[in-house]
Structure formats: structure tokens, C-alpha cells
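The exercises below ask you to work through a single protein chain, moving between its core, its surface and a few chosen residues. Try each task with the structure open before reading the solution.

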Amino acid sequence: MKDTVMVFTSKSLETMKSEGGTGNWAGKEDRLKHTKWVVATRNLKSAWAQGDEPHGSAFLIGRISGVKAASGPESDRFVVQFDRYADLSIPHAWTNNRNPIAYTSLDTLGIDPEKLEWKDFPVSTAQSPKGGPAMEMTAGVIDQARTMIANALSI
């Protein structure tokens with residue numbers, strides 16, 4: 001049974017925390033809602049890659065708590081929310097799919113959730129002026145945004 005969505009992401013855990021999950025994925029909402037786990041694998045090949053895990057390695061697993069529409073211009077995409085997570089270190093986990101999301105199972109990946117050290121994933125209860133979740137603007141988030149803008153503009 002394919003109970004897991006595996007994503008190929010350039011985002012760090014800190015960015016996922018600020019965004020309330022991992023996104024913005026072009027997946028089928030019904031299919032995403034019927035998965036129990038999300039496994040994040042590292043994409044180091046984008047210009048704005050965060051994190052230092054080896055390219056293609058699985059670095060995080062989350063227990064899915066919901067799926068929400070992404071905000072902004074990518075409102076046809078989804079953010080996979082999770083309430084608990086554990087660190088992983090599984091080299092070469094990404095299967096080189098052209099699509100950055102793939103459906104699989106924990107058995108296929110060799111992951112036993114009972115043997116992991118789980119941590120609570122922070123859920124933001126603050127609201128922005130527009131009624132959505134507020135983004136915590138920490139120095140780290142601001143530095144990441146500056147780096148991403150500089151890379152995008154090649155400066």
C-alpha cells in the first residue's frame with residue numbers, strides 16, 4: 001500500500017516550519033489526503049537550495065495531519081501539513097523521477113516509524129491580517145529570503 005508521499009525539495013526544516021508544512025506541490029488533493037507519511041528528500045541542484053544533506057538523500061519524515069491549498073500565485077498547488085517529524089539520513093532515497101513527488105510506502109523505503117525519535121512540528125495559531133497563518137519573521141528566515149532573491153537575480 002502506498003501510504004507515503006516522497007517529495008524532492010530544496011527547502012529546509014526551518015522553512016517548512018515557517019510555511020506550516022512542505023509545499024507547494026502539484027499533486028492530486030484526494031491522493032495526498034489518503035497518505036499517512038511525507039518523506040522529504042534533498043534537492044541540492046536548485047539555485048536556492050537550503051540544507052547540507054547529500055543530494056537525493058531522505059532527511060525528514062512527517063506524520064501528515066492535513067493538506068491545504070497553497071497561497072499566492074500557486075493556489076492550484078498544495079502544502080502537506082504534518083504534526084510530528086523525525087530526522088532521517090537515508091542516502092540515495094530519491095528515485096530520479098521527473099516529477100518532484102512520488103508515492104511509495106515506508107516498507108519500500110525501509111523505514112520503521114516505531115524506531116524513530118519523534119518531535120512535535122510547531123503549528124502556528126497566529127493569524128495574519130488577511131486571516132491566514134502569520135509567518136514568523138526571524139533573522140534566519142530574512143537571511144534565507146535575501147539569499148534566494150540574490151540567487152534568483154544572479155547578484
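**Exercise 1. Find the residues that Leu-32 touches, and place Leu-32 within the nonpolar interior.**

Begin with Leu-32 in this predicted model and set aside its neighbours within four places in sequence; the contacts that remain are with Val-5, Gly-27, Val-67, Phe-78, Val-80 and Tyr-103. Next, widen the view to the largest nonpolar core, which has 19 residues and in which Leu-32 is among those with the most contacts, together with Val-5, Val-7, Val-38, Leu-60 and Phe-82. Then ask which elements give two or more residues to this core: they are strands E1 (4–9), E3 (37–42), E4 (58–69), E5 (78–90) and E6 (101–104), along with helix H1 (13–19). Finally, look apart from this core for another one, of 14 residues, which includes Trp-37, Ile-61, Ala-86 and Ile-111. As a general background, nonpolar side chains in soluble globular proteins tend to be buried together.

**Exercise 2. Describe the chain as a whole, from its secondary structure to its surface.**

Count the elements to begin with: the protein chain has four helices and seven strands, and reading along the sequence gives the pattern β-α-β-α-β-β-β-β-α-β-α. Turn next to burial, where 39% of the 155 residues count as buried. For the contacts, take those with a separation of 6 or more, and note that residues 24 or more positions apart account for 70% of them. The accessible surface comes to about 9300 Å², and carbon and sulfur atoms hold 51% of that area.

**Exercise 3. Decide whether Lys-11 is buried or exposed, and trace what surrounds it.**

Locate Lys-11 in the loop between E1 and H1. Because its relative accessibility is 13%, below the 20% cut-off, Lys-11 counts as buried. Its side chain reaches the backbone oxygen of Gly-23 at 2.9 Å. Leaving out residues up to four places away in sequence, Lys-11 touches Met-16, Glu-19, Gly-23, Asn-24, Arg-42, Trp-48, Gln-50 and Phe-59. Ser-12 lies in the loop between E1 and H1 as well, and at 6% relative accessibility Ser-12 counts as buried. From Ser-12 to Leu-60 the separation is 48 residues in sequence, while the C-alpha to C-alpha distance is 9.7 Å.

**Exercise 4. Which side chain makes a polar contact with the side chain of Arg-63, and what else does Arg-63 touch?**

Place Arg-63 in strand E4, where its relative accessibility of 31% makes it partly exposed. The polar contact that the Arg-63 side chain makes is with the side chain of Asp-83, at 2.9 Å. Not counting residues up to four places away in sequence, Arg-63 touches Lys-36, Trp-37, Gln-81, Phe-82, Asp-83, Arg-84 and Trp-118. To relate sequence to space, compare Arg-63 with Phe-121: they are 58 residues apart in sequence, and their C-alpha atoms are 9.4 Å apart.

**Exercise 5. Identify the residues that make a nonpolar surface patch of about 360 Å², and assess Ile-149 within it.**

The patch is made by Ile-149, Leu-153 and Ile-155. Of these, take Ile-149, which lies in helix H4 (residues 139–152). Since its relative accessible area of 52% is over the 50% cut-off, Ile-149 is classed as exposed.

How values were computed:
Residues are numbered from 1 along each chain as its sequence is written. This is a predicted model: local features need pLDDT of at least 70, side-chain atom pairs count only at pLDDT 80 or more; totals for chains, interfaces and linings use all residues. Side-chain values use heavy atoms; hydrogens and water are left out. A nonpolar core is a set of buried Ala, Val, Leu, Ile, Met, Phe, Trp, Tyr and Cys residues joined through side-chain atoms within 4.5 Å. Buried means under 20% relative accessible area, exposed over 50%, partly exposed in between (1.4 Å probe, protein chains only). Contact means heavy atoms within 4.5 Å. Patches are made of residues with over 30% relative accessible area and no salt bridge: like charges are joined within 9 Å, nonpolar side chains (Val, Leu, Ile, Met, Phe, Trp, Tyr) within 5 Å. Accessible areas come from the Shrake-Rupley method with a 1.4 Å probe; for residues, only the protein chains shown count as cover. A salt bridge is a side-chain nitrogen of Lys or Arg within 4 Å of a carboxyl oxygen of Asp or Glu. A polar contact is a pair of N or O atoms within 3.5 Å; within protein, one must be able to donate a hydrogen and the other to accept it, and residues adjacent in sequence count only if both atoms are side-chain atoms.
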